[in-house]
Amino acid sequence: MSDRLYFDAISSQRNQALPSGTSRTRTASSGHTTGHTVTKKISNKDSSAIFKKILIAIIVALSLIVLAEIVFQLAIANELSLKTINIDSDLTLDHEAVLKSLGVQAGSRFYGIDDAWLKDRLLDLPQVMSANVEKVFPDTLALKLRARQAVVRAVANLEDGRQKMVIIDQRGVVFDWANKNHSNLPLLSGIEFRNFRFGLTLPSIIVPLLNDLQSLKEQSPAVFAAFSEFRLMPTVADGLELLTWTMLSPVPVRIGPSLAADNSVMILRVLSLLGKSIDDSNLQELDFRSPNLVLRRGAD
C-alpha cells in the first residue's frame, strides 16, 4: 500500500506545480503527459540557437584571421626588408657575389626569399657539400655552408686543348681547380673527362677507393701522404684494379679496387723492408691482390 501512497504523493506534487487552469492529460498507452512534449520542443529550439551562435562565432573568427593576413601582407610584409645576412662557411667563394647572383642581398624583401629554393641553388654550386638556410624574423637570413674536401687530383683535358689539374672529393665530384695547397694529394690517373665541367661525378666503381682515401687522410695523414698516384686499370669483367706508386719506391704496387687502411700500412712496410733491393731494374711491380705477395719481373 505504501507504493500506492508514494505514487499519489508524486502525482499530487506534479499537479501542484502546474499553473492554475492548466490541465494535464495522459495517453492511454504510455501514461506520459503532454507537458513532457512541450519541454522537449523548447529544448530543441535552444540547442539550435546555441549551434547558430557558435557557427556565427567561428565564421567571424575566420574572417578576422583572413582580414589580419591581408592587412599583414599589404601593410607590413612588404615593408620588411633583409638587413642582416649571417654566413657560417668554410668556402673560398665570394659569398656576397654568389648571393647577389641569386637575387639575395641586403634590402631584399624578407618574405620574398624562398629559403627552400635558395638552399637548392646553393647546393647546385659544385664546391658546396651541404647547405642550411634559415630566415629569422624580422630581418635576418642565416646560412651555414660546408665545402667539399679534396681527396685526389686529376688531369682534365679542356676543349681548347689545354690540360689543367682538378680536384675531386670522396663522393667522386669534380668541383674545382687544383692549386699549390693540393700538391700533397695523390694523382688519380687512367681516367678521361668528356665534355668537362665542374660538378661531374666519377663512376660509382671508383667511389670505394675515394672513401678509403678520405678515411686514411683523416685517421693516418702520414700514411695518406706516402701515396703519390693511383692509376685505374679496368679488367675484362668490367671490374677495376689499381696500380699505385708511393714516395718510397718507383716500383708500382698492384691492388684491388680499393685501399683498406691495414693494406696501405702493409704496402708501406714491405716497401720499406725491401729497401734498395727492389731497385732492381728488372722488377716490374709488386702484386698485393692475393694473401701472398708476388714480385713480378720483366720476364714474368
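**Salt bridges and a hairpin**

Reply: To start with one residue of this predicted model, R296 is partly exposed, with a relative accessible area of 28%.

Me: What does the side chain of R296 meet in a salt bridge?

Reply: The side chain of R296 meets that of D287, with N and O 2.4 Å apart, and D287, at a relative accessible area of 4%, is buried.

Me: And which residues are linked with R296 in a network?

Reply: Salt bridges link R296 in a network with E241, R254, E285, D287 and R289.

Me: How many salt bridges does the structure hold?

Reply: There are 11 salt bridges in the structure; one of them joins E229 to R231, where the closest N and O atoms are 3.7 Å apart.

Me: Is E229 buried or exposed?

Reply: E229 counts as buried because its relative accessible area is 16%, under the 20% cut-off, whereas R231, at 34%, is partly exposed.

Me: Switching to the hairpin, how do β4 and β5 run?

Reply: Strand β4 (residues 152-157) and strand β5 (residues 163-168) run antiparallel and are joined by six bridges, and among the residues involved, N157 has Q163 in β5 as its bridge partner.

Me: Which residue takes a positive phi there?

Reply: That is G161, with a phi near 95 degrees, in the hairpin that has five residues between the strands. As for salt bridges, the side chains of R162 and D160 meet in one at 2.7 Å, N to O, and R162 is partly exposed at 46% relative accessibility.

Me: Last one, which residues form the negative surface patch?

Reply: The patch is formed by D114, D115, D120 and E134, of which D120 lies in helix α4 (residues 115-123) and is partly exposed, with a relative accessible area of 41%.

Definitions and conventions:
Residues are numbered from 1 along each chain as its sequence is written. This is a predicted model: local features need pLDDT of at least 70, side-chain atom pairs count only at pLDDT 80 or more; totals for chains, interfaces and linings use all residues. Side-chain values use heavy atoms; hydrogens and water are left out. Patches are made of residues with over 30% relative accessible area and no salt bridge: like charges are joined within 9 Å, nonpolar side chains (Val, Leu, Ile, Met, Phe, Trp, Tyr) within 5 Å. Accessible areas come from the Shrake-Rupley method with a 1.4 Å probe; for residues, only the protein chains shown count as cover. A salt bridge is a side-chain nitrogen of Lys or Arg within 4 Å of a carboxyl oxygen of Asp or Glu. Lys and Arg count as positive and Asp and Glu as negative; His and the chain ends are not counted. The place of a charge is taken as NZ of Lys, CZ of Arg, CG of Asp or CD of Glu. Helices (H or I, at least four residues) and strands (E, at least two) are DSSP runs, numbered from the N terminus. Buried means under 20% relative accessible area, exposed over 50%, partly exposed in between (1.4 Å probe, protein chains only). Two strands pair if DSSP finds at least two bridges between them.
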